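What follows is a guided reading of one protein model, moving from charged pairs to a helix and the residues around it. Please keep the sequence and the coordinates open while you read.

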Amino acid sequence: MKKGKIIYLIGGIAFIIAVVSFVFGIVDFISLYKASGWELQLSNFELYDMIIDLAFAFLELTLGIKLIKQWKEGDSFEIHKIISQLITSIVYASFVQFLFVEIFSAITGGNFLELNVSVIYVIIYLIFGIVIMSIPTLIKKRQLMQLYWVMLISSVLAVGFCCYDVISLFEQSAHIGQIAIGIANGVLTCFIVSFSVVTLIYYLKNPLVLEEDIAKNEDSEVVKITPKYKKVKVYLTRGTNDKINIVIKIFMIISVILGAFGVVSYVIENDLTQYLTGSVGGIISSFVNIFASMNSTDSMNLLVSFLLIFIYSLLYLSVGISVFTQKGESKIGVISMASIGMMISIFASVSLLLDVFMEFSYTRSINFKNYSLFEIAVMILYVVYALTKKVYSNMVKEVNDGISQRGDSYHSHSKSIARIVLFSGVYSILTFALFFAKYLFDGAVRYSYLLFLLSTLFVIVATNLEVKHPFSEYSIVKRKIKCEE
């Protein structure tokens with residue numbers, strides 16, 4: 001079949017483009033480094049431009065290799081996931097670079113309000129985003145034909161982005177290498193368009209093959225059947241349905257309730273009710289006036305408090321609903337639930353670290369006798385966060401991308417989620433214990449920190465139990481019954 005050869009071409013071209021991008025990037029970096037007298041400035045436009053190029057080149061390289069490998073395994077849904085990621089990376093590379101050039105030009109030109117961004121360009125990008133957003137749902141429902149229509153539409157839009165990018169590069173008299181890579185990306189997206197068209201035609205001519213590809217590796221059961229259609233429960237994960245699942249649900253409900261009470265206690269203990277009464281307009285107006293009358297530290301503390309109230313109130317509500325719906329997009333909120341102490345700790349350390357920095361700037365030394373044990377502990381926590389931030393952020397991004405963009409099951413990422421929750425949860429528990437002890441030493445009892453601590457403890461236990469005791473994840477799909485059936 002022709003589409004097999006096209007897949008190898010797509011993977012091969014993506015690999016070659018990425019390698020060439022790396023080579024050009026390294027050569028340009030060395031040239032720029034030499035031209036700057038072996039000393040690069042952070043304000044240098046070309047430096048950031050290269051970083052963007054190299055980041056997306058690396059992504060394209062890995063996706064090209066994964067695509068060829070996945071084609072050999074023959075899973076149509078996995079192939080679609082990878083090609084969709086490839087299309088998205090090409091479009092994002094074009095869009096990010098375009099915005100970067102415009103914003104950099106506006107900043108250096110002295111007027112940030114005069115961004116020369118075409119409204120049509122932004123609208124097309126938004127349309128592309130809406131089309132791409134439908135992919136996770138279609139994958140979960142195993143609607144293969146619709147997925148290839150989405151691939152066709154998104155790849156046609158990607159061709160448009162590539163053409164626009166190449167025209168812009170010609171107008172800017174860009175390096176021949178950049179123009180060549182832009183053209184190559186355009187050719188790559190044209191092959192993806194061809195692959196989509198060939199596949200759609202093939203499936204339209206061979207509906208039985210379409211049914212076979214949909215049913216391949218599918219775990220499903222019929223829940224209702226009529227003369228014209230049948231309702232099928234398509235499983236992403238089959239749950240264990242044992243007593244531990246009941247325990248996990250109970251722990252999650254307790255965690256959500258404790259967290260919600262923690263938010264309420266936090267509002268009362270910090271006397272924030274005065275900012276949350278009256279009309280919406282009055283609240284906003286008084287909020288702005290308060291900010292204007294405060295110093296930067298107090299303003300930051302108030303901002304953190306309002307972020308905690310509004311964001312975490314919605315978060316606990318979302319996770320609470322997910323206990324009963326078992327929707328992966330909502331369930332990944334457990335990561336944020338476990339990291340609430342991390343957020344509090346980071347913001348608490350900002351002003352403290354500024355003081356340390358100022359002291360070091362003037363005296364070229366740091367006298368820890370000037371700081372309390374609490375302040376030293378907060379600084380240690382921040383150092384731990386700074387050292388682990390990169391790994392932690394990458395793990396969280398992989399989970400979010402997998403479940404929210406690629407349509408993966410929650411269970412397929414449950415081990416990573418459990419590790420993330422354990423790390424951020426222990427960090428949060430230490431933070432809450434530290435803050436609770438600090439206020440207790442000052443003669444005040446802050447129940448909010450105790451409630452958050454207990455909430456975090458329950459969510460750690462629940463997520464780690466769920467690794468070996470998953471819940472069922474499924475979608476209900478209505479499928480037409482063929483005449484042959």
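In this predicted model, the side chains of Glu 466 and Lys 331 meet in a salt bridge, with a distance of 2.4 Å from N to O. Glu 466 belongs to helix α17 and Lys 331 to helix α12, so the pair ties together parts of the chain that are 135 residues apart in sequence. Both partners are withdrawn from the surface, Glu 466 being buried and Lys 331 likewise.

Helix α12 takes part in a further pairing of this kind, for Glu 329 forms a salt bridge with Lys 140, in which the closest N and O atoms are 2.4 Å apart. Because Glu 329 lies in helix α12 (residues 328–331) and Lys 140 in helix α5 (residues 135–140), this bridge ties together parts that are 189 residues apart in sequence. The two ends of the bridge can be described separately: Glu 329 is partly exposed, with a relative accessible area of 37%, whereas Lys 140, at 10% relative accessibility, counts as buried.

A third pair to examine is Arg 238 and Asp 219, which form a salt bridge whose closest N and O atoms are 2.9 Å apart. Here the link runs between the loop that joins β2 (229–237) to α9, where Arg 238 is found, and strand β1 (residues 219–225), which holds Asp 219, the two residues being 19 apart in the chain. Arg 238 is partly exposed, with a relative accessible area of 39%, and Asp 219 is also partly exposed, at 30%. In total, six salt bridges are counted in the model.

The loop that carries Arg 238 leads on to α9, a helix of 27 residues (243–269) that reaches 38 Å from its first C-alpha to its last, close to the 39 Å expected at 1.5 Å a residue. Its N-terminal end is capped by Asp 242, a side-chain oxygen of which lies 3.2 Å from the backbone nitrogen of Ile 244. Along α9 a series of residues is buried, among them Asn 245, Ile 248, Met 252, Ser 255, Val 256 and Leu 258, and also Gly 259, Gly 262 and Tyr 266. Just after the helix, Asp 271 takes a positive phi of about 55°.

Which residues, then, does Val 459 contact beyond its neighbours within four places in sequence? Val 459 lies in helix α17 and is buried, with a relative accessible area of 0%. Leaving those neighbours aside, Val 459 is in contact with Met 252 and Ser 255, and also with Val 334, Met 337, Ala 338 and Val 421. Met 252 and Val 459 are 207 residues apart in sequence, yet their C-alpha atoms are 6.1 Å apart in space.

A last residue to consider is Arg 446, located in the loop between α16 (414–441) and α17 (447–466). Arg 446 is buried yet has no salt bridge, and the nearest side chain of opposite charge, that of Glu 269, is 4.4 Å away; this distance is outside the criterion, because a salt bridge requires a side-chain nitrogen of Lys or Arg within 4 Å of a carboxyl oxygen of Asp or Glu. Apart from residues up to four places away in sequence, Arg 446 touches Glu 269 and Asn 270, together with Phe 436 and Tyr 439.

Notes. Residues are numbered from 1 along each chain as its sequence is written. This is a predicted model: local features need pLDDT of at least 70, side-chain atom pairs count only at pLDDT 80 or more; totals for chains, interfaces and linings use all residues. Side-chain values use heavy atoms; hydrogens and water are left out. Helices (H or I, at least four residues) and strands (E, at least two) are DSSP runs, numbered from the N terminus. The expected span of a helix is 1.5 Å times one less than its number of residues. Buried means under 20% relative accessible area, exposed over 50%, partly exposed in between (1.4 Å probe, protein chains only). A polar contact is a pair of N or O atoms within 3.5 Å; within protein, one must be able to donate a hydrogen and the other to accept it, and residues adjacent in sequence count only if both atoms are side-chain atoms. Lys and Arg count as positive and Asp and Glu as negative; His and the chain ends are not counted. Contact means heavy atoms within 4.5 Å.
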